[in-house]
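Student: I should like to understand how the terms used for this structure are justified. May we take them in turn?

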Amino acid sequence: GTYQDPAGFAEIVDTTLGDKRSWIAGRDIRLQRVSSGGYDFTIYLATPATTDRLCAPLPTNGYTSCRQGNNVVLNLARWVHGVDHWDSDIETYRRYVVNHEVGHRLGHGHVRCSGRGEPAPVMQQQTLKLAGCTGNAWPYVNGKLHSGPPGGYA
């Protein structure tokens, strides 16, 4: 009922996580999609109501995405429409959401903007605001892990 192409969704997830700027750039993890057998997490594209249910008790309020246990849940409304303050295209926003929520599954917490006009760290809550940074989908920028001061937005 999401009116999204599952193969197209999977392709975006696969190409994002397999990109040399994604989490694999650190060379300390490998990510591979599997159709059976053991797995570490599942990535869902879910309606806002289903996102709220899968993310509980986290307060996604029908708006944000989340990582809850072994579930990486991407909010369909954000996937389709992005956010008003985003300063790039929807494809880049989608790649940001994939990397951000998978980053949580890999143990990374929220960080803040690293400096006005700089690319936002992927673990910054860019869905809520850019806070002077520019939208960025990638954990690694110019071959180095890009981060910012610890913390997020209330």
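Student: Why is C113 called buried or exposed?

Tutor: C113 has a relative accessibility of 16%. Buried means under 20% relative accessible area, exposed over 50%, and partly exposed in between (1.4 Å probe, protein chains only). The value of 16% therefore makes C113 buried. This is a predicted model, in which local features need pLDDT of at least 70 and side-chain atom pairs count only at pLDDT 80 or more, while totals for chains, interfaces and linings use all residues. Residues are numbered from 1 along each chain as its sequence is written, and side-chain values use heavy atoms, with hydrogens and water left out.

Student: What makes C133 buried?

Tutor: The relative accessible area of C133 is 5%, so C133 is buried.

Student: How do you know that C113 and C133 form a disulfide?

Tutor: A disulfide is a pair of cysteine sulfur atoms within 2.5 Å. The sulfur atoms of C113 and C133 lie 2.0 Å apart, and the pair forms a disulfide.

Student: Why is the disulfide of C113 and C133 called right-handed?

Tutor: The torsion about its S-S bond is about 95 degrees, and therefore the disulfide of C113 and C133 is right-handed.

Student: What makes C55 and C66 a disulfide?

Tutor: Their sulfur atoms are 1.9 Å apart, and C55 and C66 form a disulfide. With -90 degrees about the S-S bond, this link is left-handed. Both C55 and C66 are buried.

Student: How many disulfides does a search of the whole structure find?

Tutor: The search finds 2 disulfides. With bonded cysteines counted along the chain, their pattern is 1-2, 3-4.
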